[in-house]
Amino acid sequence: MRTVKLGLLGVGVVGSAVAKAIEEGDGLTGRSGVRLELVKAAVRDLSKPRSVELGPDLVTTDPNEVVSLPEIDIVVEVMGGEDPAFDLISKALASGKHVVSANKEVLAKRGDELLATAAQHGTKLVYEASVGGGIPILNPISDDLLANRIDSIRAIINGTTNYILTRMSSEGAAYDDVLADAQRLGYAEADPTADVDGFDALYKIAILGRLAFGTSAAVDSIHREGIGRIDAKDFRYAEELGFTIKLIAAAQRNDGGLLLRVHPSLVPLDVPMASVNGALNMVEVEGDLVGPLWFQGPGAGPEPTASAVLGDVLRIARQPDSNGAEQSTTEPLEVAPMSGHRCQYYIRLTAADKPGVLALIAKVLGDASISIRSVIQMDADETAGQADLVIMTHSALEANMQEAVSRLRSLDVVIELDNLIRVESYSHSA
Ligand code: NAP
Ligand code: HSE
């Protein structure tokens, strides 16, 4: 049996699960016909306790040692971040090693350069684990769906925020406690603001946009909002209206090109995405031939991510010439501005509880060509003379909504515009 030698950059949550699966699976010889052997692994701190035991000769604090060892065939990069990952991956690819990475940040920000280096040196860079954790999504888009023009990708693609939102919604749990649990379970990024502020989902949708639509979007050209403004009240009101709240990442064709967006959304309770809970992810892909497809599974965590990493490793190990998730060859679409997005909106505001208030608010919306679908007065605080108003609009243009929001904020009767949440529309349900 042929032995394929691996170098590991990072032995944290994912790296430990990768090393453990190789060790416990006897080199994963079971179904693959090759034996994997881990020959060098880099960490930052040798004294840190790890869930896998690695002999002293195997571990180094110098990651350059891993990428320059001539006997290594495949480098697995699971250290995260842009630096020094970018240089290490580049070096490995240029010295004839294939690279498997789970690092969405470096792939979103510098993927084009890395893929060009791989192409120049006849090596492979594959990264299934970077999007959707254990869910196979990049390889199906690259291979199985090649006959399709992809029209839309819409996803719950960050396990940490989905876990937090699910527990806030079902138990009324406090944000900080749930985030701590997500960290303990190995879902969160080393810096969890990457999850809760939407950066992680943004990197993933940028990778999907490049693969499915050929669009190399600068990460700061993508609309991004995190989950920080979502309150227990929003879950309660959304449910009364027939919705739940999810952090959605989307890449969709429109007249202006490709609209990429990451933000919390109201999702109707009767569509598949509404029941994707905990650290599960779901990626909905619409192709012109196949129609809508839903890929669902564990989107974060050590073992599911190791499954995706090792799937890529074994594909290269068995067939170094096989295709992985490569650059798209479709004609690139321009990044379309968020101002051209159209959807319904949920507006929650705290307003003075007195006659004429609704008329003033309706006028601001009407002047911006926004038509109201329903207005509900929710919790009223009679002592303070104020109440929560929840307004659902008909479909409106983002540019008009932003203009209306700034005018609403300047009205004396609007004490606080607490939240503006977009509503996802679906032409299909399960
Ligand atoms: P992690 O637990 O923080 O592990 C990172 C590892 O890299 C640690 O072992 C760390 O060493 C090592 N490292 C970092 N910088 C280093 C440097 N300069 N030199 C040497 N070693 C260095 O992160 P993780 O959760 O495993 O995630 C790894 C990557 O996978 C990230 O890109 C992440 O976005 C991605 N990913 C994670 C998941 C998930 O569920 N966790 C899922 C999909 C993708 P020490 O241990 O000594 O600190
Ligand atoms: N922090 C990421 C998440 C890990 O929560 O989805 C998986 O990419």
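This passage describes the surroundings of ligand 2 and the packing of two helices in a predicted model.

The shell around ligand 2 is formed by Lys104, Asn158, Gly159, Thr160, Tyr187, Ala188, Glu189, Asp195, Asp200, Lys204, Gly299 and Ala300. When these residues are sorted by class, the shell is found to hold five charged, four polar and three nonpolar residues. Three side chains of the shell are considered here for their polar atoms. An N or O atom in the side chain of threonine 160 is placed 2.6 Å from an oxygen atom of ligand 2, while a polar side-chain atom of asparagine 158 lies 3.4 Å from an oxygen atom of the ligand. In the case of glutamate 189, a polar side-chain atom is found 2.7 Å from a nitrogen atom of ligand 2. On its own, ligand 2 has 250 Å² of accessible area, of which 93% is covered by the protein. Two or more residues of the shell are given by each of the elements α7 (159-171) and α10 (199-213).

Helix α10 also packs with helix α5 (residues 104-121), the two axes being 7 Å apart and set at an angle of about 30 degrees. Because angles under 35 degrees count as roughly parallel, α5 is described as roughly parallel to α10. On the side of α5, the contact is made by Lys104, Glu105, Leu107, Ala108, Lys109, Gly111, Asp112 and Leu115, which meet Asp200, Tyr203, Lys204, Ala206, Ile207 and Arg210 in α10. By class, the residues of this contact between α5 and α10 comprise seven charged, six nonpolar and one polar. Lys104, Asp200 and Lys204, which are listed in this contact, are also listed among the residues that surround ligand 2.

Technical notes:
Residues numbered from 1 in each chain as written. Chains lettered and ligands numbered in written order. Predicted model: local features only at pLDDT ≥ 70, side-chain atom pairs only at ≥ 80, totals over all residues. Heavy atoms only, no water. Near = heavy atom within 4 Å. Polar contact = N/O pair within 3.5 Å; in protein donor to acceptor, adjacent residues only side chain to side chain. Areas by Shrake-Rupley, 256 points an atom, 1.4 Å probe, with all protein chains shown as cover. Helix = DSSP H or I, 4+ residues; strand = E, 2+ residues; numbered from the N terminus. Nonpolar A, V, L, I, M, F, W, Y, C, P; charged D, E, K, R; others polar. Axes fitted to C-alpha atoms, helices over the stretch in contact; angles between N-to-C directions. Parallel < 35°, antiparallel > 145°, perpendicular 65-115°, else oblique. Contact = heavy atoms within 4.5 Å.
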